[in-house]
Amino acid sequence: MPTVAQSTETDWVSRFADEVIAEAERRAPGKPIVCASGLSPSGPIHLGNLREVMTPHLVADEIRRRGYDCVHILSWDDYDRYRKVPAGIDPSWSEHIGKPLTSVPAPPGSAYANWAEHFKAPMIEALRAMGIEFHGISQTEKYTSGAYREQILHAMRHREQIDAVLDRYRTKDKPAPKKQQQKQQKPVDEAELEAAEGSGAAAEDDGSAGAAGYYPYKPYCSVCERDLTTVTSYDDETTELAYTCACGHGETVLLSEHDRGKLVWKVDWPMRWAYEGVVFEPSGVDHSSPGSSYVVGGQIVREVFGGDQPIGPMYAFVGISGMAKMSSSKGGVPTPADALEIMEAPLLRWLYARRRPNQSFKIAFDQEIQRTYDEWDALERKINDGSAQPADAAAYSRATGTATGELPRTPRPLPYRMLASVVDITTGHDEQTLRILSELDPANPVKSLDETRPRLDRAERWITTQVPAEQRTRVREEPDTELLASLGETERASLRLLLDGLDEHWSLDGLTTLVYGVPKLQAGLSADAKPTPELKVAQRAFFALLYQLLVGRDTGPRLPTLLLAVGADRVRKLLAA
């Protein structure tokens with residue numbers, strides 16, 4: 001039997017793994033340890049939702065690395081009600097509001113059987129690509145198969161007790177007197193509202209107490225399939241349950257046999273904690289406030305179902321560079337599949353592994369992705385030379401592999417910004433791309449583009465899908481004769497120095513030395529002289545001149561890369577004054 005590892009690492013994953021193992025040994029020594037996630041396929045499952053999966057995945061994987069039997073279950077909340085029609089979908093889909101997600105037709109043109117499967121599929125594929133192993137559980141299958149029948153009957157027998165727990169928090173939320181409300185009014189943070197709406201917290205359901213009393217079970221109507229139902233009576237002995245529906249239908253069923261309904265969310269979640277024996281499950285900030293499902297669920301799981309609340313860290317929001325907090329209800333939000341088109345799986349894993357769950361962060365789809373890749377490559381160099389901090393090394397290890405093995409990686413990971421510049425200039429032409437990459441380091445040339453994949457493909461996808469057309473690099477076809485004719489002797493001399501040194505410096509490092517060295521030589525300094533403020537001004541002016549003559553703008557890709565991409569002959573044609 002493995003023992004709890006007293007990790008010397010300071011990373012958050014190790015600390016949670018220590019806690020989870022200790023808690024699991026306290027509860028049920030020797031049994032598999034259960035970590036859990038839950039996702040509702042009500043729309044695109046975005047990069048914010050991915051934190052719901054990545055957090056327990058990393059903890060479960062660390063537990064497995066220590067030799068314990070650990071399962072990561074992923075509950076697909078596909079038996080949840082369809083709440084609203086997302087942007088871009090035919091408004092006629094509103095007729096399905098209130099049905100289970102698995103009873104709603106997939107969006108037009110989809111190859112999948114229903115709404116839930118349509119949105120689950122790309123997430124499942126993305127998780128596979130990221131090396132995330134999980135045991136998927138369809139809540140539709142669980143409820144309709146009768147798997148939770150005893151738990152439902154138990155909840156109904158204890159409905160007054162559940163109602164009392166919920167009522168402890170309902171009283172806290174009663175509206176204040178109008179005068180007091182006016183004093184307490186403050187500006188509403190729309191981003192917070194959007195985040196809450198997107199998570200489903202704004203519509204958390206704890207059931208309602210009508211004239212017939214409180215019931216924690218909500219039937220789906222057998223005629224219209226929607227949950228616009230009201231339970232009018234229930235008999236604990238016979239399990240006879242009567243309900244009416246807004247569609248006009250009403251009937252009496254035996255709950256001991258009825259499998260077309262579900263427990264309301266604030267009862268459903270703690271029921272599953274007890275049923276699955278969950279030891280670790282995180283939740284978003286919206287589920288962790290007073291009166292929310294996680295807080296209330298902790299009392300219901302203990303007092304009603306006789307189980308234990310999981311260790312449940314709160315996780316913060318994940319944003320996108322240049323975008324507001326994500327809400328899957330609004331459409332157009334980046335998903336893990338979108339991110340994996342422009343970045344490699346280990347990098348995406350690293351973004352989640354390096355931050356504690358309660359730290360918010362952003363994922364870059366704009367120019368910042370180049371800096372993110374620079375950070376990643378710098379970390380890898382530190383790993384290789386042994387200078388990385390322990391927590392950084394742990395995050396890197398968790399990003400590049402799991403307990404079952406290493407993730408695929410690029411054999412020769414050239415800088416992302418360089419690859420992006422090259423494919424931008426060549427418009428993805430393989431022969432031209434290989435020519436340029438083979439000239440980067442003549443002593444160790446790239447012999448096949450396969451050496452640079454999949455990173456090369458990710459950079460090309462980023463250029464073609466994320467960079468606006470007006471920011472793309474277009475090398476001039478013909479010299480700018482008007483600009484060339486207007487140059488003074490100092491500028492002409494700088495161009496001659498550059499052209500005269502091309503052959504001798506034709507490599508990435510050589511051209512870097514050359515383009516930075518020309519202004520130094522003109523100032524009477526050596527090529528390796530330390531830059532002064534005056535020299536930096538001269539260098540910027542020289543660079544701007546080169547960009548104008550080569551691409552018609554004041555800025556562009558790094559000049560050494562640009563010169564290599566354009567080719568020596570064409571550079572001479574465009575710069576000859």
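Biologist: Which residues touch the most other members of the largest nonpolar core?

Modeller: Bear in mind that this is a predicted model. The largest nonpolar core has 106 residues. The ones touching the most other members are I63, M343, L348, Y352 and I363.

Biologist: Take I63, then. What is I63 in contact with, leaving aside its neighbours within four places in sequence?

Modeller: Here a contact is a pair of heavy atoms within 4.5 Å. With neighbours within four places left out, the partners of I63 are A17, V20, I21, I33, C35, Y68 and C70.

Biologist: How many residues are in the other core, the one lying apart from it?

Modeller: Nonpolar side chains tend to be buried together in soluble globular proteins. In this model a second core sits apart from the largest one, with Y143, Y215, Y220 and C245 among its members. Its residue count is 32.

Biologist: On to the sheets. What is the strand order in the open sheet of 4 strands?

Modeller: The pairing in this sheet is parallel. Its edge strands, pairing on one side only, are β3 (135-138) and β11 (278-280). From one strand to the next the twist averages 45°. Reading across, the order is β3-β2-β1-β11.

Biologist: Which helix packs on that sheet?

Modeller: Look for the one touching β1 (33-39), β2 and β11. Its direction makes about 165° with that of β1. It covers residues 47-65, and it's helix α2.

Biologist: Which residue in β3 stands opposite I73?

Modeller: Strand β2 spans residues 70-76 and runs parallel to β3, with 4 bridges joining the two. Opposite I73, in β3, you'll find H135.

Biologist: What is the order of the open sheet formed by 3 strands?

Modeller: This one is antiparallel. The edges, each pairing on one side only, are β7 and β9 (250-254). The twist averages 25° from strand to strand. The order is β7-β8-β9.

Biologist: Which residue in the turn of the β7 and β8 hairpin has a positive phi?

Modeller: β7 (residues 229-234) and β8 (residues 240-245) pair in the antiparallel sense over 5 bridges. T230 has T244 as its bridge partner, and T229 has C245. There are 5 residues between the two strands, and the turn residue with a phi of about 65° is T239.

Biologist: Is Q389 buried or exposed?

Modeller: Q389 is in the loop between α13 (368-385) and α14 (390-400). Its C-alpha atom is separated by 9.6 Å from that of L379, 10 residues apart along the chain. The cut-off for the upper class is over 50% relative accessibility. Because Q389 comes in at 51%, it counts as exposed.

Biologist: Zooming out, what percentage of contacts between residues at least 6 apart in sequence join residues at least 24 apart?

Modeller: The protein chain has 577 residues, 49% of them buried, and its secondary structure comes to 23 helices and 17 strands. For contacts between residues at least 6 apart, the share joining residues at least 24 apart is 71%.

Biologist: And where does the pLDDT stay under 50 with 25 contacts beyond four places in sequence?

Modeller: The chain averages a pLDDT of 89, and 89% of the residues score at least 70. Residues 1-9 have a pLDDT below 50, with 19 contacts beyond near neighbours in sequence. The stretch you're asking about, with 25 such contacts in the model, is residues 173-203.

Definitions and conventions:
Residues are numbered from 1 along each chain as its sequence is written. This is a predicted model: local features need pLDDT of at least 70, side-chain atom pairs count only at pLDDT 80 or more; totals for chains, interfaces and linings use all residues. Side-chain values use heavy atoms; hydrogens and water are left out. Buried means under 20% relative accessible area, exposed over 50%, partly exposed in between (1.4 Å probe, protein chains only). Two strands pair if DSSP finds at least two bridges between them. Axes are lines fitted to C-alpha atoms, for helices over the stretch in contact, and angles run from 0 to 180 degrees between N-to-C directions. A nonpolar core is a set of buried Ala, Val, Leu, Ile, Met, Phe, Trp, Tyr and Cys residues joined through side-chain atoms within 4.5 Å. pLDDT is the predictor's confidence in each residue, from 0 to 100.
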